[in-house]
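Dear colleague,

I am passing on the structure we spoke about, and below it you will find my notes on what turned up when I went through it. Please read them with the structure open beside you.

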Amino acid sequence: MLFRLLVLSIVIGEVLGEYKNYDGFKILEVNFENPRVKKYVQEFDKNLGFMPDFLGENWKKKQAHYFINKDSVEKVKTNLVANNITYQMRDVNPQIFKVRRRRDLNGAITINDINNRYLSYDEQMQFLNSISQQYPNDVKLQKLGNSFEGRSITAVRIGDDGSNKPIVWIDAGIHAREWISYNVALYLIYTIVSQPAYRDLLNSVQLVVVPNTNPDGYEFSRTVDRMWRKTRSRFTNSRCGGADANRNYPFFWGTQGVSHSQCSEVYCGARPQSEPEVLALTNAIQREETRIKGYIALHSYGQEILYPWGHTQRTYPSDVEDLIKVGRAMASAIQAVNNTEYNVVNSGDGLYPAAGASDDWAKSRGIKYSYTIELSPIDDYIGFSLPEDRINQVCREAFQAIQVLMIEVKSKF
Ligand code: ARG
Ligand code: ZN
């Protein structure tokens, strides 16, 4: 009986349940072109006593966006005024909390769904299963491990013929609220196996795609708290849970741009690889790291292609020119689709360095071309909730960038 009640409430919850309420929260916009402002936000921690949740930036307008808790709005305003910082406080777009939808119970998940709506984790898995059945020679599903709550972290191996060809590794959605990244990864899988034009490329380069690296966080973001970013690990004697998995990788872990407080959005975890998701991903990559020549972590938002190092500022790998060159080629390929502009920048030199991120760790393991891509949009009013009618274009653009990287890897290795 209890079980039936539970099931019933979950089903109803899908339809009627409400997101965590963010009334009174604000988006803070500041212009970081002004060196005084830049210095101020880089010392947010010192100025305010806490690090506000960084959402993204609009590099065209030179604006950085932060999510301000309603209880902190007055304090932040006072501090900005005292420091003579020009700013804007915007209301949060109410629309972004209204994108929940009923689970589609009839029929298989097809590419139409990927192109037109955000899927549940179960639907994503259904899609992967049906693709692997449809293309059994090209697509193999590999379980890398389990999330904290026991969901499978699944890698999709494409063009794995047992040979030693170089690998491009793509993973998506380590930050739960960055929904567009999941669709981009699924679109990539479908497109590259279903279109004969990519046969040739797949004959010389293998692709490994992990379309959902943080399934617990994603389900939580879909059903409870739209702004959830972290994993869902629980800690004893703490009112806050979850760690920022992109601060949990074992390279300069815990140094800059992180928090050691469990309630922070950038909590780096108790130790490197404390998050089972990160442990599964690092183990899997290390098993074949000598073959992996390209790595992309898909995030949103901001329309940026970021290259290492990102754990500190003004420090670059010795082959940084190659990273910039291929980064720019990816940006051009994106722009050729519909004139969308992506900025190619070093990940540490912007507003904040951040240590323990996957791109730096991948680079440190010898993976030559390692990037983080911040997908569309660029506009904070939309932010993580890219309208569903724009999903397809972002997928097509990112696909072009990934193809550029694969072609580069094919020609170099
Ligand atoms: N927005 C991403 C994050 O905060 C950027 C990570 C870039 N990479 C880096 N090593 N800092 O996780
Ligand atoms: Zn992110």
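**The four-stranded sheet**

Leu 28 stands opposite Met 89 in E4. Before I go further, please keep in mind that this is a predicted model. The pair just named belongs to the junction between strand E1 (residues 26-31) and E4, where five bridges join the two strands in an antiparallel arrangement. These strands are part of an open sheet of four, ordered E2-E3-E1-E4, in which the pairing is antiparallel. At its edges are strand E2 (53-58) and strand E4 (87-91), each of which pairs on one side only, and neighbouring strands are turned by 25° against each other on average, direction ignored.

Helix H4 (residues 73-82) lies across E1, strand E3 (63-68) and E4, and its direction runs at about 160° to that of E4. In the loop that leads from H4 to E4 you will find Asn 84, whose phi is near 65°, a positive value in a residue other than glycine. Asn 84 counts as exposed, because it has 9 C-beta neighbours inside 10 Å.

**The eight-stranded sheet**

A second open sheet has eight strands in the order E5-E6-E8-E7-E9-E12-E10-E11, and its pairing is mixed. Strand E5 (139-146) and strand E11 (343-346) form the edges with a single partner strand each, so one side of each has no neighbour in the sheet. On average, and with direction ignored, neighbouring strands here are turned by 20° against each other.

Within this sheet, strand E9 (residues 292-300) is mostly covered, with nine of its nine residues buried. Six bridges join E9 to strand E7 (residues 167-172), and these two run parallel; in this pairing Ile 170 stands opposite Ile 296 in E9. Seven bridges join E9 to strand E12 (residues 369-375), again in parallel, and there Leu 298 stands opposite Ile 373 in E12.

**Helices on and beside the sheet**

Helix H11 (residues 320-338) lies across strand E10 (304-307), E11 and E12, and runs at about 165° to E10. Helix H13 (residues 391-412) also packs on the sheet, where it touches E7, E9 and E12, and its direction makes about 175° with that of E12.

How are helices H6 and H7 placed with respect to each other? Helix H6 (residues 121-134) and helix H7 (residues 180-194) pack at an angle of about 10°, with 11 Å between their axes, and they are therefore roughly parallel to each other, since the angle is under 35 degrees. In their contact, Gln 124, Phe 127 and Ile 131 of H6 meet Tyr 182, Leu 186, Ile 189, Tyr 190 and Val 193 of H7; these residues divide into seven nonpolar, one polar and no charged.

**Loops that deserve a look**

Asn 214 lies in the loop between strand E8 (206-210) and helix H9 (215-223). Is Asn 214 buried or exposed? Asn 214 has 35 C-beta neighbours inside 10 Å and so counts as buried. Apart from its neighbours within four places in sequence, Asn 214 is in contact with Gly 173, Ile 174, Ala 176, Thr 231, Ala 245 and Glu 277. One of these, Ala 245, is 31 residues away along the chain, yet its C-alpha atom is separated from that of Asn 214 by 8.3 Å.

Asn 237, by contrast, counts as exposed, because it has 5 C-beta neighbours inside 10 Å. Its place is in the loop between H9 and helix H10 (276-287), and its phi, near 55°, is a positive value in a residue other than glycine.

There are also cis peptide bonds to check. One joins Pro 308 and Trp 309, with omega about -5°, and Trp 309 lies in the loop between E10 and H11. Another runs from Ser 376 to Pro 377, with omega near 5°, and Pro 377 is in the loop between E12 and H13.

**The surroundings of ligand 1**

The residues around ligand 1 are Asn 246, His 299, Leu 306, Gly 310, His 311, Ser 347, Gly 348, Ala 354, Ala 357, Asp 359, Asp 360 and Thr 372. This shell divides into three nonpolar, seven polar and two charged residues.

With best regards

Note on methods
Residues are numbered from 1 along each chain as its sequence is written. Chains are lettered from A and ligands numbered from 1 in the order in which they are written. This is a predicted model: local features need pLDDT of at least 70, side-chain atom pairs count only at pLDDT 80 or more; totals for chains, interfaces and linings use all residues. A residue is near a molecule or strand if its C-beta atom, placed from the backbone, lies within 6 Å of it. Ala, Val, Leu, Ile, Met, Phe, Trp, Tyr, Cys and Pro count as nonpolar, Asp, Glu, Lys and Arg as charged, and the others, Gly among them, as polar. A residue is buried if 20 or more other C-beta atoms lie within 10 Å of its own, exposed if 12 or fewer, and partly exposed in between; C-beta atoms are placed from the backbone. Two strands pair if DSSP finds at least two bridges between them. Axes are lines fitted to C-alpha atoms, for helices over the stretch in contact, and angles run from 0 to 180 degrees between N-to-C directions. Angles under 35 degrees count as roughly parallel, over 145 as roughly antiparallel, 65 to 115 as roughly perpendicular and the rest as oblique. Two residues are in contact if their C-beta atoms, placed from the backbone, lie within 7 Å.
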